[in-house]
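Work through the exercises below with the model open. Try each task before reading its solution.

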Amino acid sequence: MNTETAYKSKGRFGAHGGRYVPETIVNALDELEKAYQEAIGDPAFLEELQYLLREYSGRPTPLYYAERLTEKLGGARIYLKREDLNHTGAHKINNALAQGLLAKRMGKTEIIAETGAGQHGVASATVAARLGLSCKVYMGEEDMRRQQLNVFRMQLLGAEVVPVKSGTGTLKDATSEAIRAWVSSVDRTFYVIGSVVGPYPYPQMVRDFQRVIGDETREQIMRMEERLPDYVVACVGGGSNAMGMFYPFLDDVDVKLIGVEAAGQGVDTDKHAATIAKGSRGVLHGMMTYLLQDENGQIIEPYSVSAGLDYPGVGPEHAYLHDSGRAAYHAVTDDEALEALRLLCTTEGIIPALESAHAIAEVVKLAPTVSADTILVVCLSGRGDKDVTQIYEREGGAQ
Amino acid sequence: MNLETGSGAARIAAAFNTEKPAFIPFMTAGYPAPEHTVDLALALQEEGAAILELGVPYSDPLADGPTIQNASAQALAHGVTMERALELARDMRTAGVHIPIILFTYINPVLRFGPERLYKAMEAAEVDGILIPDLPFEEAGEINALAKKYGRPLISLVAPTSAQRVKMIAEQAQGFVYCVSSLGVTGVRSELREDITDFLEAVRRYARVPVAVGFGISGPDQVAALAPHCDGVIVGSALLNTIRQAEVLLSQAETKQEGLTVVKKFVKLLQSGV
Ligand SMILES: Cc1ncc(COP(=O)(O)O)c(C=O)c1O
């Protein structure tokens with residue numbers, strides 16, 4: 001099939017993207033697109049968003065020179081973009097605040113969200129509380145088990161966490177269920193999608209709401225090093241922290257962009273979430289993109305130790321950046337990520353989220369292979385507090 | 001298009017040539033198990049089904065509620081894929097099912113199978129059309145071109161939220177227009193929207209093909225209320241619930257007929273108000 005010529009609708013990244021959804025929500029997507037375009041051209045909206053990002057979430061987040069990690073690895077000068085220092089502990093709040101404000105602007109009273117690791121759910125619940133909206137978060141049962149602490153946090157914040165039993169009870173199923181819920185209540189609810197995925201305009205919109213990561217990084221590195229970085233590295237589940245980080249650098253062809261997927265127990269096993277490495281083109285959750293699927297087009301359940309990377313698809317813009325060669329996508333295993341997590345803990349006194357530990361693991365491989373004047377920026381998308389119990393269980397308790 | 005061989009579009013048009021609104025049951029291929037599919041189709045035809053919607057199971061049926069999701073999961077566990085569903089359709093033809101058969105599936109399995117290959121296979125299995133709930137108008141170009149080439153319509157859905165889109169979609173619809181009776185996914189609902197008749201009449205104004213209504217319809221009173229405002233009524237989840245209740249009976253040779261009778265009785269009841 002020649003998708004390029006067969007599909008000419010808007011909202012595409014090359015062959016990827018689009019809007020494959022039930023007719024019931026097409027109108028809502030049109031309204032969202034319109035409201036979003038208006039909002040980002042409205043100084044009052046931008047001012048309120050900037051105010052909340054600054055005073056409520058704590059932006060700008062630091063760009064921290066990881067001196068001890070740099071020394072330990074030998075090679076590139078490593079900078080950490082500290083999204084873990086955001087309110088609620090991850091980059092997810094950037095997008096949740098923006099979509100929450102948009103929901104209010106559109107006169108919606110209820111938001112729904114899906115969550116894997118719980119970070120996007122916590123961010124959505126937080127924003128709902130702050131803006132006076134009601135909030136339902138769809139979460140797979142397996143993820144609820146893995147991220148009990150985050151479930152409780154959402155409940156404390158006044159959100160209802162709806163358990164999803166279908167499939168393997170992870171992010172894929174939570175996303176499907178959230179879309180179904182949206183289809184059923186589209187007249188009053190706003191669906192806050194947590195990554196650069198879903199039907200148009202979500203991938204574009206979430207990327208625009210996350211580009212603050214890359215915009216700040218650019219300014220900060222120019223100030224600190226007086227030049228752009230050689231490498232920018234970020235983990236990729238759906239891909240929002242990576243897209244936010246990459247986007248302001250897309251035209252700087254000398255800046256190498258590396259997305260890091262979860263290889264789980266290895267890309268040559270059937271337990272991984274390495275969508276770009278092992279997937280093929282298809283449609284899931286309203287978008288055309290690379291997917292983990294079998295020869296009949298049934299979606300294969302992904303696996304990763306990290307709930308936030310445990311997704312069988314990837315944002316369509318990443319699929320496109322891969323096709324065009326502008327970004328490279330690598331995969332690191334659970335074990336490599338855990339080892340990197342320990343390394344960051346002991347060299348820098350920072351416990352990263354398991355998701356972010358994947359990006360660090362890539363840095364561990366890459367940094368020693370390049371010269372000492374190489375500048376490498378890695379997005380530390382979130383902090384590891386949420387993962388501490390899980391790591392404790394996995395490693396059989398204290399040692 | 002050839003009426004004699006009953007090519008899709010013509011066969012679908014003929015199915016609406018009745019005084020009563022056409023009864024259009026939905027069943028999942030391979031549910032409760034593949035060996036029941038042909039028997040159930042024959043039973044539905046015997047009870048006056050005008051068109052059969054045959055669900056091709058998919059792992060992530062976004063437009064479906066729990067009943068059809070569960071039926072799909074069970075059929076998938078029996079290994080029913082697109083290929084197998086088409087075989088089951090062909091078996092139906094051999095066994096004497098002559099009403100139009102329309103596949104209900106999702107775009108990903110279609111893309112994976114290959115759209116043109118699928119149309120060839122539909123032709124071979126005498127499947128008359130296809131319905132893809134996650135393929136809205138704007139994305140349907142390629143499949144629509146194939147639908148015209150092979151004379152086997154891609155059925156369009158319109159929703160109560162479609163607003164200005166109703167005209168655009170209905171005017172270009174082939175086969176029939178599928179009106180989604182309520183917001184939400186498939187599944188039984190106790191009440192219909194108050195504005196449903198206005199919606200149906202609006203679609204009828206623009207459509208050049210028959211107008212059928214579905215999603216949530218479960219009882220004879222609902223069928224009776226809708227009948228004056230449409231050309232066809234689609235019933236899915238309520239029928240699958242009945243099939244599930246009959247599953248034990250269906251699965252044993254001695255009680256199979258009894259199981260089919262349970263299903264037939266339900267279908268008779270549904271149509272009793274019209
Ligand atoms: C800390 C952290 N990083 C990364 C991700 C993955 O999301 P994305 O790929 O959209 O950045 C998550 C998702 O839950 C997360 O919590």
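**Exercise 1. Place B:Val233: is B:Val233 buried or exposed?**

Solution. B:Val233 is buried, as its relative accessible area is 3%. Buried means under 20% relative accessible area, exposed over 50%, and partly exposed in between, with a 1.4 Å probe and protein chains only. Next, find the element: B:Val233 sits in strand β8 of chain B. Helices (H or I, at least four residues) and strands (E, at least two) are DSSP runs, numbered from the N terminus. Then list the partners. Neighbours within four places in sequence set aside, B:Val233 is in contact with B:Ala22, B:Phe23, B:Ile24, B:Val213, B:Ile217 and B:Val223. Contact means heavy atoms within 4.5 Å. Last, take one distance: 14 Å separates the C-alpha atoms of B:Val233 and B:Leu157, which are 76 residues apart along the chain.

A note on the source. This is a predicted model, in which local features need pLDDT of at least 70 and side-chain atom pairs count only at pLDDT 80 or more, while totals for chains, interfaces and linings use all residues. Residues are numbered from 1 along each chain as its sequence is written, chains are lettered from A and ligands numbered from 1 in the order in which they are written, and side-chain values use heavy atoms, without hydrogens and water.

**Exercise 2. Examine helix α11 of chain B: which elements cover its buried residues?**

Solution. Start with the helix itself. In α11 of chain B, residues 237-245, 7 of the 9 residues are buried. They are B:Ser237, B:Ala238, B:Leu239, B:Leu240, B:Asn241, B:Thr242 and B:Ile243. Now the cover. It includes strands β1 (22-28) and β8 (232-235) of chain B. It also includes helices α2 (34-46), α3 (66-77), α12 (247-250) and α13 (256-271) of chain B. Strand β8 also holds B:Val233.

**Exercise 3. Describe the fold of each chain: how many helices and strands does each have?**

Solution. Count elements. Chain A has 17 helices and 14 strands. Chain B has 13 helices and 8 strands.

Then test compactness. The radius of gyration is taken over C-alpha atoms, and the globule rule is 2.2 Å times the number of residues to the power 0.38. For the 399 residues of chain A the rule gives a value near 21 Å, and the chain has 19 Å, which agrees. For the 274 residues of chain B it gives a value near 19 Å, and the chain has 17 Å, which agrees.

Add the spans of the C-alpha traces along the principal axes. Chain A covers about 55 × 50 × 50 Å. Chain B covers about 55 × 40 × 35 Å.

Finish with burial and contacts. Buried residues are 65% of chain A and 64% of chain B. In chain A, of the contacts with a separation of 6 or more, 74% join residues 24 or more positions apart. The figure for chain B is 74%.

**Exercise 4. Analyse the interface: how many residues of chain A are in contact with chain B?**

Solution. Count both sides: 39 residues of chain A are in contact with 37 residues of chain B. Then take the area. The two chains bury about 3,000 Å² between them, 52% of it on carbon and sulfur atoms. Buried area is the accessible area (1.4 Å probe) that two parts lose on being put together, summed over both. Finally, name the main contributors on chain A. A:Glu23, A:Arg180 and A:Gln298 supply 23% of the area that chain A buries against chain B, more than any other three residues.
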